[in-house]
Amino acid sequence: MKFKALMFLFLLFLVSVSTVLSEQSINGFIREDKTGEPLPYANIILPDLNRGATSNTEGYFVISDVPVGSHKLVVSIIGYSPEEHLVQLPVDMNLRLDLRLVQAVIEGQSIEVSAEREKFKELVSTSTVTLDRRAIEVAPSFVEADVFRALQLLPGVQSLNDFSSALYVRGSTPDQNLIMLDGITVYNPMHLGGVFSTFNTDAIKEAEFHAGGFPARYGGRLGSILNVVNREGNTEEMSGSANISLISSKALVEGPLPTGDSETLKGSWMLAGRRTYFDLIANTGWKYLIKPTLDPDEQENAPDNIMPYYFYDFQGKLNLDIGSDHRLTWSSFYGDDVLYWNYDYSYSSEEDNYAYESIDSDYNYENEESNTFDWRWGNFTNSLSWRWIINPKLIARTAIANSRFRFEVDFDFDDQGRSHSPMDTNTWASNYGFDLFDRINDKSFETSLTWLYSDKHKISSGLQLKRVHFNLGMIIGMEESTEDYHNTFLDTLMWMESRPTESAFYIQDQWEVNSLLSVQSGFRIAGYSLHDKTYMEPRLGLKYFLTENLSLKASAGRYHQFLTVANPPDENLRFLDIWFGVPDDRLAPRSDHFIMGAEYLTNTDILLRMEGYHKSFDNLLTLKPTELLTVADDGTIHLDPFNEFWDTDAYANGLEILVKKLSGKVRGWAGYTYAVTQRKYEGQDWYYPKYDRTHTLNVVADWALSKKLHFSTAITYSGGNPYTAVIGRSESYQDNQWSTNNQWNVWPNYLYGERNAARYPGYFRWDVSFKRKAPFRNGSWEWYFQILNVTNHLNTFSYIYRQNEDFNFETGEITNKGVQRFGIPMFPFFPTFGVKFEF
């Protein structure tokens with residue numbers, strides 16, 4: 001469907017809404033008094049009318065159809081002191097209230113309406129979890145807290161191995177997850193080859209995660225949705241924090257915007273940065289402590305740096321409130337991984353005393369070499385959004401965003417020299433280089449309306465437009481010259497470029513049919529510029545309360561994806577994703593989600609959730625293993641690794657159980673997952689992909705030993721991942737044409753079993769963490785000590801094989817031919833520590 005047609009649907013919805021807005025209401029925002037951060041899921045009640053509302057994720061609330069006059073208003077949320085206000089609603093006017101709540105320490109008290117209880121009552125969507133910064137930091141992780149590592153401890157989320165933070169959700173691969181920062185798509189959101197995510201935990205307010213059945217607003221992915229939301233910044237005073245871990249240093253500062261005495265302009269800002277420092281320590285020690293101890297000749301040719309890798313990132317956010325109804329928000333992220341190595345070498349026979357004394361002085365030789373390897377990959381995002389409260393019951397949001405990812409490898413080798421003898425003098429120069437790049441430039445526009453039609457209906461609609469420029473290529477060059485010869489060679493071995501456009505219109509209604517039944521129905525219409533087709537995506541969610549604390553939930557939906565990756569299907573390490581648009585001769589990948597479950601929330605704030613799911617996948621693309629380099633008849637070299645795909649189908653079934661303790665001195669969760677995922681394509685029957693794990697059990701707990709001391713632990717057990725086993729060896733023979741006594745060359749080969757029919761041994765890891773917080777001048781400081789894999793359990797990453805045989809030197813006979821297998825381990829026993837300051 002053309003974008004103009006989608007625009008017409010959205011304008012039609014806007015016109016219909018604008019004709020029915022007339023009721024009086026009380027509306028406003030609930031924020032934390034100390035920092036000004038919004039408080040979601042606060043309870044706002046008018047007791048005399050037996051009417052109320054719940055604040056949304058931005059802290060906004062509206063109570064509709066309020067009669068004129070004085071009313072008592074009560075605001076409460078767990079962890080904050082409740083407040084009462086006497087409000088006066090004038091005739092023919094709406095009342096705007098912006099309220100602040102003071103944080104309170106509450107031990108052993110039962111508050112009727114807590115944030116989690118409100119989510120339990122209000123949320124219709126299945127498979128949704130929200131992790132705040134505290135929940136992310138609770139789970140012990142590799143070196144420092146990481147949002148991806150915390151998500152891997154939830155039911156339905158699998159990891160490939162310890163070295164990867166990529167998310168495999170309910171049978172979906174990482175490229176099928178829509179990862180966003182403040183609503184902006186982030187491609188390849190990982191540092192250090194996947195060990196860390198790109199998101200600085202100190203800057204995160206919360207992470208909203210949909211494992212499946214996500215609402216109509218979201219599309220373009222088959223697996224899951226993760227929206228990481230940055231902190232808004234302190235609106236009251238300047239504050240900040242600094243964190244030093246084993247490998248990196250982090251800092252965050254935030255404060256109010258300097259708007260002077262203006263009553264109409266107010267705002268806040270936040271800026272956070274992070275950088276690894278082990279390269280600085282290693283290179284400084286080498287340069288000033290070790291290198292000076294070398295011999296002068298060794299120092300001259302020794303490199304200046306021995307640790308060529310580091311990463312850094314910056315996250316920023318700025319909010320500007322213009323009056324009471326308009327807010328502008330700018331959000332930005334910039335991060336890079338850098339692997340830079342430079343080595344220069346020079347040699348002169350005149351300076352080489354040993355060589356100079358051993359030959360005639362009329363002979364000399366000079367040579368200079370320069371090697372540079374520059375490998376960089378990272379993300380750069382910017383967005384500007386405008387929130388407009390048109391009416392207390394109608395909120396408009398418009399955003400423009402740009403997300404860029406670049407992966408570049410630049411290698412250059414220069415060699416030049418001169419040789420002299422009584423007979424002649426020769427000079428030469430040569431240069432070799434190649435550039436490999438993968439660049440993505442995503443430009444997006446989105447506008448949406450949220451219509452709080454009544455206490456029974458919440459209607460939302462939106463229009464989305466995305467244009468993505470994919471640019472993938474490799475260029476190789478060579479230049480050689482001597483006294484009488486010069487040759488230059490430059491060739492583009494590979495070049496893939498496309499500029500597809502995605503567009504979509506959606507509409508959704510959350511309808512509270514009665515006190516027991518709620519229905520969330522939605523419809524999404526999507527278009528893709530390379531396909532002459534309109535994609536229809538219905539969505540449906542149901543929630544039925546059997547009792548006040550027990551509900552049944554179900555959801556179903558259809559999803560399409562217009563981007564894909566060219567990653568090997570059996571990769572052990574997912575370093576990054578090679579993205580490109582689905583070609584015009586391929587169908588868009590499609591997935592159908594069916595989810596059913598039950599939730600029970602006890603009076604002591606313990607949440608029990610059980611969900612079963614089925615997901616089907618059609619039209620997936622699996623990269624065919626082909627020769628990376630081919631040579632044409634004319635001698636031209638071509639690199640074309642992404643031109644052949646298999647059409648692939650898949651399915652995933654599973655059962656998940658989550659028990660989450662929300663309050664008290666001991667908090668945390670335990671999750672169990674039973675999952676089965678299979679794929680098939682042409683020439684390959686159903687098989688288990690490498691990320692499939694049948695059983696997984698995670699336990700995460702945080703124990704407040706005192707107000708200052710916390711103990712945290714995470715225990716994970718799972719069945720092993722599948723792999724293709726080597727079951728034997730064979731030998732092939734080839735006539736040795738150079739032999740004089742009719743000998744044959746023997747070439748041993750491995751024999752493989754069925755694809756991914758074997759599994760690695762079960763995985764087990766127990767991590768612990770201690771944290772102690774204490775006051776420090778005008779702030780506080782905290783030290784933490786963590787141990788990964790306390791039991792030093794050997795978890796197998798992969799197997800390597802070698803030929804094994806016995807050779808009799810007397811007879812020349814080879815016996816006991818076989819195969820020997822060795823396991824490569826994952827993380828061993830590994831202690832880490834760090835310090836954090838807040839001011």
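Q: In what order do the 5 strands of the open sheet with mixed pairing come?
A: Start with the general idea: strands of a sheet pair through backbone hydrogen bonds, either parallel or antiparallel. In this predicted model, the order is β8-β15-β16-β11-β12.

Q: Which strands stand at the edges of that sheet?
A: Look for strands with a single partner. Here those are β8 (128-132) and β12 (184-185), so each has one side left without a neighbour in the sheet.

Q: Inside that sheet, do β11 and β16 run parallel or antiparallel, and how many bridges join them?
A: They run parallel, with 5 bridges between β11 (residues 177-181) and β16 (residues 224-230). For a landmark, find Ile-179, which has Leu-226 of β16 opposite it.

Q: What about β30 and β33: parallel or antiparallel?
A: Antiparallel: 11 bridges link β30 (residues 550-560) with β33 (residues 590-601). One pair to click on is Leu-552 and its bridge partner in β33, Ala-598.

Q: How many bridges does β33 make with β34?
A: There are 12, again in the antiparallel sense, and β34 covers residues 606-623. Across this pairing, Asp-592 faces Ser-616 in β34.

Q: Which residue takes a positive phi in the hairpin of β33 and β34?
A: Check the turn, where 4 residues sit between the strands: Asp-605 has a positive phi near 60°.

Q: Let's move to the surface. Which residues form the nonpolar patch?
A: Here you want nonpolar side chains that are accessible and lie within 5 Å of one another. The patch consists of Leu-265, Leu-318, Ile-322, Leu-328, Trp-330, Leu-384, Trp-386, Trp-388, Ile-390 and Ile-400, together offering about 800 Å² of accessible area. Elements giving two or more residues are β20 (309-322), β21 (326-348) and β22 (364-391).

Q: Which element gives the largest share of the patch?
A: That's β22, with 4 residues.

Q: Why does Leu-318 count as partly exposed?
A: Partly exposed is the band between under 20% (buried) and over 50% (exposed). Leu-318, in strand β20, has 31% relative accessibility, so it counts as partly exposed.

Q: Zooming out, how many helices and strands are there in the protein?
A: The protein has 7 helices and 50 strands. Of its 839 residues, 50% are buried. The exposed area is about 39700 Å², with carbon and sulfur atoms supplying 57%.

Q: And what percentage of contacts between residues at least 6 apart join residues at least 24 apart in sequence?
A: For this protein, that share is 67%.

Key
Residues numbered from 1 in each chain as written. Predicted model: local features only at pLDDT ≥ 70, side-chain atom pairs only at ≥ 80, totals over all residues. Heavy atoms only, no water. Patch = residues over 30% accessible without salt bridge, like charges linked within 9 Å, V, L, I, M, F, W, Y side chains within 5 Å. Areas by Shrake-Rupley, 256 points an atom, 1.4 Å probe, with all protein chains shown as cover. Salt bridge = Lys/Arg side-chain N within 4 Å of Asp/Glu carboxyl O. Buried < 20%, exposed > 50% of the residue type's maximum accessible area, 1.4 Å probe, protein only. Pairing = 2+ DSSP bridges. Contact = heavy atoms within 4.5 Å.
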